[in-house]
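Reader: Hi! I'm in my first year and still learning to read structures. Could you take me through one part of this one close up, starting with the ligand?

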Amino acid sequence: MNTQIIDGKSIASEIKEELRTRVENLKSQGITPGLAVILVGENPASKVYVSNKKKACEYIGMKSFSYELPAETSEKEVLDLVETLNEDTHVHGILVQLPLPKHMDEQKVILKIAPNKDVDGFHPQNVGALSIGLNGLVSCTPAGVIELLKRSNIEMQGKHCVVVGRSNIVGKPVSLLLLREHATVTICHSRTRDLESVLKQADIVVAAVGIPKFVKGSMLKSNVVVIDVGINRDENGKLCGDVDFESCTNIASHITPVPGGVGPMTIAMLMNNCVLAAATQGGTSN
Ligand code: NAD
């Protein structure tokens, strides 16, 4: 079989181009979408993520407001800053880069973000909206998975989708989104018995396990669509996913590579959420 590789990088670029046009339209209506990013401490990976988010804002014509605070900043200072940003009409999206230093309660900080500015989609109001099918901001990586499937013309309706992983940031929300697309969804996790027999039934597999090359081709039926959310390092320090890419080619009809699959979609969907938040707050449907 000729496995088709889903090019997340090019789909993400396509989305960013569309967003540039939407931002121009919003600007012509007097709304410049703005994203505030709060980074506490010196985590090197977080610094890279934040810098990439700022670059993406610049690229699509949005404003970004950056708050890089020392690790010893108190929880109250962060909560006060979020409150100020909630009130700031130039700021349409607020992102607190996680993880926060240990002396802070992440949930408390997330709860403080106004739900209509919660562009990470982590606020319980947005999670609740997703679970009962109301409009809200959807977390970026799961939204990216659905967008990759849609833009690759992969039908979800009626398909058996097996999600491996049940985390709040990937596994659970992606399962709810697949359900919203009328798929039949099975969620597997570390205590699932006989994972392989469940995987063998899948038409679409979404792997969000956090274990390098965990899903092997031998566990899958032919023609399956494989979406790999994982970002890991293999034994040689090389970036790899939660799926063993080599053994899945020639079995899967479609597969996402790592890097270049789901990864680039996360930032694209973050920008999408910012534009959506700005349009909603500005009272326009753009
Ligand atoms: P997590 O550690 O919070 O959750 C992992 C899930 O896998 C858990 O629900 C656990 O039950 C399940 N699991 C663990 N061992 C298992 C086993 N043996 N069999 C079946 N299930 C098992 O991880 P996460 O935050 O959901 O992230 C998952 C992966 O996705 C990681 O590699 C992470 O780096 C990556 N990730 C990528 C992006 C992106 O932008 N592409 C964003 C978030 C996370």
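How far does a backbone N or O atom of Ser190 lie from an oxygen atom of the ligand?

Author: That distance is 3.0 Å. Before we go on, this is a predicted model: local features need pLDDT of at least 70, side-chain atom pairs count only at pLDDT 80 or more, and totals for chains, interfaces and linings use all residues. Residues are numbered from 1 along each chain as its sequence is written, and side-chain values use heavy atoms, leaving out hydrogens and water.

Ser190 has company. The ligand has 22 residues around it (a heavy atom within 4 Å), and Arg166, Ser167, His189, Ser190 and Thr266 come nearest. Look at His189, where a backbone N or O atom sits 3.4 Å from a nitrogen atom of the ligand. Asn232 uses its side chain instead: an N or O atom there is 3.4 Å from an oxygen atom of the ligand. Pairs like these count as polar contacts when the N or O atoms are within 3.5 Å. Taken alone, the ligand exposes 860 Å² (Shrake-Rupley method, 1.4 Å probe), and the protein buries 71% of that.

Now step back to the sheet. Its 6 strands (DSSP runs of E, at least two residues) follow the order β1-β11-β8-β7-β5-β6, making an open sheet with parallel pairing. To pair, two strands need at least two bridges. At the edges you'll find β1 (4-5) and β6 (184-188), each with a single partner strand, so one side of each is left without a neighbour in the sheet. For β1, 2 bridges lead to β11 (residues 254-255), and Ile5 stands opposite Ile255 in β11. Helix α7, residues 171-180 (helices are runs of H or I, at least four residues), packs on the sheet and touches β5 (160-164), β6 and β7 (204-207), with contact meaning heavy atoms within 4.5 Å. The direction of α7 makes about 170° with that of β5 (on a scale from 0 to 180 degrees).

The loops have a few oddities too. Most residues other than glycine have a negative phi, and most peptide bonds are trans. Asp194, in the loop between β6 and α8 (195-199), has a positive phi near 50°. In the loop between β11 and α10 (263-281) lies Pro259, and the bond from Val258 to Pro259 is cis. The bond from Leu98 to Pro99 is cis as well, with omega near 0°; Pro99 belongs to the loop between β4 (93-96) and α4 (106-112).

Methods: A polar contact is a pair of N or O atoms within 3.5 Å; within protein, one must be able to donate a hydrogen and the other to accept it, and residues adjacent in sequence count only if both atoms are side-chain atoms.
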